[in-house]
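Please open the model in your viewer and keep the selection panel at hand, since this tour proceeds from one selection to the next.

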Amino acid sequence: MNVKNSLVNRNIIEIFKTNVNNRQLANKIVYELNQLYPKYRINFDLEDRDKVLRVESYTSIDVLGIINFGKLNNLEIKLLGY
């Protein structure tokens, strides 16, 4: 297997715990974060007890920027530990 090709397909994924509890707000947050970070794939899992915000990228993820976005919008967005 070509090492270069196997590294190209690896994505970075960060999982955040939130206090978002409805689909309308989740959609608004995804839209706004996509405006700030158009290369990220962003979605929510509101069925999860942690109301998970999942962010995926081929490059680095601005974790502090996402957390600060939450603070500026009176949202709880915390990076989940491993």
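Select strand S1 together with strand S4 (residues 77-79) in this predicted model, and you will find the two strands running antiparallel, joined by three bridges. Within this pairing, centre the view on Phe16, which stands opposite Leu79 in S4.

Keep S1 (residues 12-18) selected and add strand S3 (residues 52-57), with which S1 pairs in the antiparallel sense over five bridges. A convenient place to look along this second pairing is Glu14, which has Val55 of S3 opposite.

Now turn to the charged side chains. Side chains of opposite charge can pair when their charged atoms come close. In this model the count of salt bridges comes to four, and three of them are visited here, beginning with Lys17 and Asp50, whose side chains meet at 4.0 Å, N to O. This salt bridge links distant parts of the chain, given that Lys17 belongs to strand S1 while Asp50 sits in the loop between strand S2 (41-45) and S3, 33 residues apart. If you colour by accessibility, Lys17 should appear as partly exposed, with a relative accessible area of 31%, whereas Asp50, at 13% relative accessibility, counts as buried because the cut-off for buried is under 20%.

Next, select Arg41 and Glu56, whose side chains form a salt bridge with an N to O distance of 3.8 Å. Here too the pair links distant parts of the chain, with Arg41 in strand S2 and Glu56 in strand S3, 15 residues apart. Which of the two, Arg41 or Glu56, is buried and which is exposed? Arg41 counts as exposed at 52% relative accessibility, while Glu56 is buried, with a relative accessible area of 7%.

Leave Glu56 selected and add Arg54, since the side chains of these two residues also meet in a salt bridge, at 3.0 Å from N to O. Arg54 counts as partly exposed, at 26% relative accessibility. With Arg41, Arg54 and Glu56 displayed together, you have one network, joined by salt bridges that share partners.

For the aromatic side chains, show Tyr37 and Tyr40. A pair of aromatic rings is described by the distance of the centres and the angle of the planes. The count of aromatic pairs in the model comes to one: the ring centres of Tyr37 and Tyr40 are 4.7 Å apart and their planes lie at 5°, so the pair is stacked, the cut-off for that class being planes under 30 degrees apart. Both Tyr37 and Tyr40 are buried.

The last stops concern the backbone. Most residues other than glycine have a negative phi. Select Lys51, which is not a glycine and yet has a positive phi of about 50°; you will find Lys51 in the loop between S2 and S3, where it is partly exposed, with a relative accessible area of 25%.

Then move to Asn74, which lies in the loop between helix H3 (63-72) and S4. Asn74, although not a glycine, has a positive phi of about 55°, and at 72% relative accessibility Asn74 counts as exposed. From here you can return to S4 and its antiparallel pairing with S1, where the tour began.

Terms used:
Residues are numbered from 1 along each chain as its sequence is written. This is a predicted model: local features need pLDDT of at least 70, side-chain atom pairs count only at pLDDT 80 or more; totals for chains, interfaces and linings use all residues. Side-chain values use heavy atoms; hydrogens and water are left out. Two strands pair if DSSP finds at least two bridges between them. Helices (H or I, at least four residues) and strands (E, at least two) are DSSP runs, numbered from the N terminus. Buried means under 20% relative accessible area, exposed over 50%, partly exposed in between (1.4 Å probe, protein chains only). Rings of Phe, Tyr and Trp (its six-membered ring) pair if their centres lie within 6.5 Å; planes under 30 degrees apart count as stacked, over 60 as edge-to-face and the rest as tilted.
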